[in-house]
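Here's a quick walk through one model, written for someone who likes to poke at coordinates. Have a look at the structure, then read on.

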Amino acid sequence: MNALAATSRNFRKAGRILGLDSKLEKSLLIPFREIKVECTIPKDDGSLVSYVGFRVQHDNARGPMKGGIRYHPEVDPDEVNALAQLMTWKTAVADIPYGGAKGGIGCNPKELSNSELERLTRVFTQKIHDLIGIHTDIPAPDMGTNAQTMAWILDEYSKFHGHSPAVVTGKPIDLGGSLGREAATGRGVVFATEALLAESGKSIRGMTFVIQGFGNVGSWAARLIHERGGKVIAVSDITGAVKNANGIDIPELLRHKESTGSLTNFNGGDAMDANEILVHECDVLIPCALGGVLNRENAADVKAKFIIEAANHPTDPEADEILSKRGVIILPDIYANAGGVTVSYFEWVQNIQGFMWDEDKVNNELRRYMIRAFHNIKEMCQSHSCNLRMGAFTLGVNRVARATLLRGWEA
């Protein structure tokens with residue numbers, strides 16, 4: 001089941017639990033605006049080439065729309081739609097004053113030079129500058145984009161609207177980016193894990209962890225779990241997988257990956273089959289890579305007691321049912337990986353105030369937001385007697401529905 005179908009299914013399930021009016025339910029699913037633009041640029045060799053850019057703005061009932069921009073050869077409008085919708089519920093769960101958006105350009109960034117990427121980003125910004133803005137829609141980096149991409153968008157947007165650092169988040173620190181943004185998603189995952197374990201009277205210290213995906217989120221989560229005395233016993237990424245039953249020395253593994261670019265040939269552990277990582281014996285499994293990795297083929301073999309969804313949509317609905325029946329507790333993506341957008345919100349707040357925070361303040365506020373959201377989700381679970389995923393969805397959908405009704409949606 002693809003991301004759009006799964007998100008819509010979860011939304012409808014939450015709507016039934018909440019007893020939403022069917023007209024309201026329908027209007028919440030329809031995006032506010034879908035933008036499609038042609039971006040034509042000269043390549044370095046002088047030839048002209050055209051790329052299609054998208055921006056889906058899903059909902060603005062709770063505040064300006066927020067979401068990433070991805071550069072990827074298969075930017076599928078359906079997927080962008082699903083991800084925009086997911087951002088609406090995610091920002092509501094985290095209780096930050098935003099709605100959802102998502103965008104992208106159908107290109108392969110690996111095949112473009114730096115100057116071609118800059119021209120493409122600037123043309124895209126020229127085409128959408130009057131449809132984004134500090135109080136309208138605030139883009140951020142996503143797959144294939146980074147802080148540099150945001151710097152170009154900021155510069156191009158500012159030519160039309162004056163210096164506007166708050167128009168994008170995930171910027172370089174020198175242009176108004178926030179301290180702590182780099183580690184935010186991974187740190188949020190760890191705060192979420194602490195909140196979940198504390199509820200069972202456990203803590204990270206002494207528990208065993210398996211982490212699939214060792215990019216930004218996975219490596220930060222591993223580092224912070226290691227610092228807190230958790231045992232990371234297996235890690236994998238596209239280059240390979242490594243295990244050590246006594247716990248991997250994460251700082252050492254990070255240095256190894258930094259110098260060799262891969263997890264293979266690490267002498268602080270044994271190589272293992274990357275396909276085995278999800279069914280490896282452990283207390284807590286953290287998928288930080290792709291969607292749909294837990295499915296009906298492997299769900300019955302998962303040995304973890306807790307699954308923390310650091311990736312977007314790693315568990316498909318069939319696996320969800322199998323795992324729930326087996327008593328595995330799943331902390332849903334819509335909450336678990338909300339640390340990134342929460343610190344993006346802090347970045348926006350700092351830019352608007354023109355007053356920057358130190359890193360401790362960013363991290364302490366992030367902890368406060370993640371812990372508060374967990375307790376809000378638990379309250380929904382209790383009042384609707386549902387699992388954590390539905391607790392999170394009902395929380396998010398209910399907040400957006402309430403805002404929509406208060407604003408007078410039928411007028």
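Helices here are DSSP runs of H or I with at least four residues, numbered from the N terminus. With that in hand, Asn 216 sits in helix H7, which covers residues 216-227. Keep in mind that this is a predicted model.

**The annotated pair**

Asn 216 has a partner: an unreviewed UniProt entry puts the feature "binding site" at Thr 185 and Asn 216. The two span 32 residues in sequence, but no two of their C-alpha atoms are more than 8.3 Å apart, so they gather at one spot. Thr 185 belongs to helix H6, residues 184-199.

How do the two compare on accessibility? With buried meaning under 20% and exposed over 50%, here is the picture:

| Residue | Relative accessibility | Class |
|---|---|---|
| Thr 185 | 14% | buried |
| Asn 216 | 34% | partly exposed |

What does Thr 185 touch, leaving out residues up to four places away in sequence? The contacts are Val 217, Asn 337, Gly 339 and Gly 340.

**The sheet**

Next up is an open sheet of five strands, ordered S1-S2-S4-S3-S5 with mixed pairing. Strand S1 (33-42) and strand S5 (137-141) are the edges, each pairing on one side only. On average, and ignoring direction, neighbouring strands of this sheet are turned by 20° against each other.

Inside the sheet, strand S3 (residues 65-72) and strand S4 (residues 99-106) run parallel and pair over six bridges. If you want a register check, Tyr 71 stands opposite Ile 105 in S4. Helix H4 (residues 114-128) lies across S1, strand S2 (48-57), S3 and S4, and runs at about 140° to S1.

**Helix H9**

Now for a helix with a buried side. In helix H9 (residues 317-325), the buried residues are Pro 317, Ala 319, Asp 320 and Leu 323. Looking down the axis of H9, these buried residues fall within an arc of 150°, so they line one face of the helix.

Which elements does that face pack against? The buried residues of H9 pack against two helices and two strands: helix H1 (3-18), helix H13 (388-407), strand S11 (306-308) and strand S12 (329-331). Just after H9 comes Gly 327, with a positive phi of about 80°.

Conventions
Residues are numbered from 1 along each chain as its sequence is written. This is a predicted model: local features need pLDDT of at least 70, side-chain atom pairs count only at pLDDT 80 or more; totals for chains, interfaces and linings use all residues. Side-chain values use heavy atoms; hydrogens and water are left out. UniProt positions are given in the numbering used here, feature names are shortened, and annotations may be inferred rather than shown by experiment. Buried means under 20% relative accessible area, exposed over 50%, partly exposed in between (1.4 Å probe, protein chains only). Contact means heavy atoms within 4.5 Å. Two strands pair if DSSP finds at least two bridges between them. Axes are lines fitted to C-alpha atoms, for helices over the stretch in contact, and angles run from 0 to 180 degrees between N-to-C directions. The arc is that of the directions from the helix axis to the C-beta atoms.
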